[in-house]
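Me: Could you take a close look at the place where the two chains meet, and then tell me what else stands out around it? A connected walk-through would be great.

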Amino acid sequence: MDDFLPFTPVVMTITALTNYLRKMLESDEILQDVWVKGEISNFSPSRSGHIYFTLKDNESQLRAVMWKQSALRLRFDPQDGQAVEAHGYISFYASNGQLQLYVDSMRPAGEGTLFQEFSRLKARLEGEGLFDQARKRELPSFPRHIGVVTSPSGAALQDILNTLGRRLPLLRVSLAPTAVQGAEAPAGIVKALNQLNQIADLDLIIVARGGGSIEDLWAFNDENVARTIAASRLPVIAGVGHETDFTIADFVADLRAPTPTAAAELATPITRLDLLANLQATTQNLDLVLSEKVRSLSADLQIASLELKRNSPMQRVYNNIQRHDDLRERLDRAVQAQLKAKELAVAALGARLAALNPTAVLSRGFAIVSSASTGKIISKTTQTLAGQSILIRFQDGTSSAIVQDPSGGTHANQ
Amino acid sequence: MPTNDTQNFEKSFSQLQQLIQKLENSELPLDEALQLYEEGKRLSALCSSILENAQLRLTQLSEASTTQEGADEDDELDF
């Protein structure tokens, strides 16, 4: 009757059925890419690094597993009772016959909304030009007085003070204490910034907070905080959270430091060691200048003693001796020159004399007449007397003659 | 209140630099040069000791909402 079946039914094994179920689930597009929100319970991290937990709401629950590879990327520590949003795919775990959510990423519930809020504000402020590089102010390289906006009890303050104290202990630091998380934090940070901006000799401001969840850092995504930083009279360094955290305060600040410690380092580019090195170099320069001075003075001394030697009386004596020698030599030279000149003059006269030799004239037919008695040369008729004995000198010898008529003819020659 | 370390350091250091410049550029008698040198050595030692002994000076402003005490005992609260 009822339990008699006319056809033999197909009987499946469990394995075949679970395989079939898995295939069904894994071919469903919605189930392969799904966000699920719920509360964590039975949270149990395993030693292998994978984490197992249950997601539940008031009426239902779902087993979930997150492999180590994905778990390492979690930006918060999941806890029982925490509301989360998990992303992953649904499959069937054959060993215990359960549907499971295989989670590849997970965030605290509400973070999605926060992120959208963050993106909207960021886009708006960016559109207003608040993040422009041109707005960034230059930081002083040697600050004297630094303002710090952070919690007075946080680790960030200790990190900053330790770093500043180690690098540049000459500094004065003014702390404007404020809550850095919670509902009152944004107003507190704004007030602290304004307080510090009123200090006349302050050089720059560090706004800092240690690492935390995205909610913990949320005050630094506040619009008023961002606008106060943008309007700050003094340059602002933001050192909020860890290296991977970016807040609106980071974008609007003049300089973004990855951590509070890094903010303190960036605030003090010149350290005590730099100053010591500079002091040492300057002091060496002082020594150098003085020894240069001494060297130059001793050079002066050397010059002066040479001068003294040159001006000594002995030198004058030597000089006079030398001058005397010079004069004597000049005298000798002058006398020699005179002699030479006279010799030349004599030779010249001799030449002239030779030209005047009367015998040269005799060869051309002239004769010289002289008185035989006195030997005087007779050149005129009036010097002769009749009967006077005269001598006539020819080219080759002398003839004697007697004057017949002193004015007897116009020609006296014979 | 004593003047602060930065001011002292900067003042002494700038005096040291001026002194060296004077020593470099003027025809000073030897005894004056030696006096300047001694003064320079003193300033250099002073600067060095300021750098060695400097301590960060922390001032805490009053907090906006809830007042919390700072961690360091030697905080100066002179604002």
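Reply: Happy to! One term helps before we start: two strands count as paired if DSSP finds at least two bridges between them. Please keep in mind that this is a predicted model.

With that in hand, look at strand 1 of chain B and strand 7 (residues 172–177) of chain A, which pair in the parallel sense over four bridges. Within this pairing, Ser174(A) has Thr59(B), in strand 1 of chain B, as its bridge partner.

Now the wider contact: 35 residues of chain A are in contact with 32 residues of chain B. On the chain B side, helix 1 (5–25), helix 2 (30–53) and strand 1 (57–60) each supply at least two residues. Helix 1 of chain B gives the largest share, nine residues. Sorted by class, the side of chain B that touches chain A has 16 nonpolar, 12 polar and four charged residues.

Chain A also has pairing of its own. Its strands form an open sheet of three in the order 11-12-13, with antiparallel pairing. Strand 11 (368–371) and strand 13 (398–402) of chain A each have a single partner strand, so one side of each is left without a neighbour in the sheet. From one strand to the next, the twist averages 30°. Strand 11 and strand 12 (residues 389–393) of chain A pair over four bridges in the antiparallel sense, and Ile368(A) has Arg393(A) of strand 12 as its bridge partner.

Finally, there is helix 11 (residues 313–355) of chain A, whose 43 residues reach 63 Å from first C-alpha to last. The number of its residues that are buried is zero, so helix 11 of chain A lies largely in the open.

Key:
Residues numbered from 1 in each chain as written. Chains lettered and ligands numbered in written order. Predicted model: local features only at pLDDT ≥ 70, side-chain atom pairs only at ≥ 80, totals over all residues. Axes fitted to C-alpha atoms, helices over the stretch in contact; angles between N-to-C directions. Expected span 1.5 Å × (residues − 1). Buried ≥ 20, exposed ≤ 12 C-beta atoms within 10 Å, placed from the backbone. Contact = placed C-beta atoms within 7 Å. Nonpolar A, V, L, I, M, F, W, Y, C, P; charged D, E, K, R; others polar.
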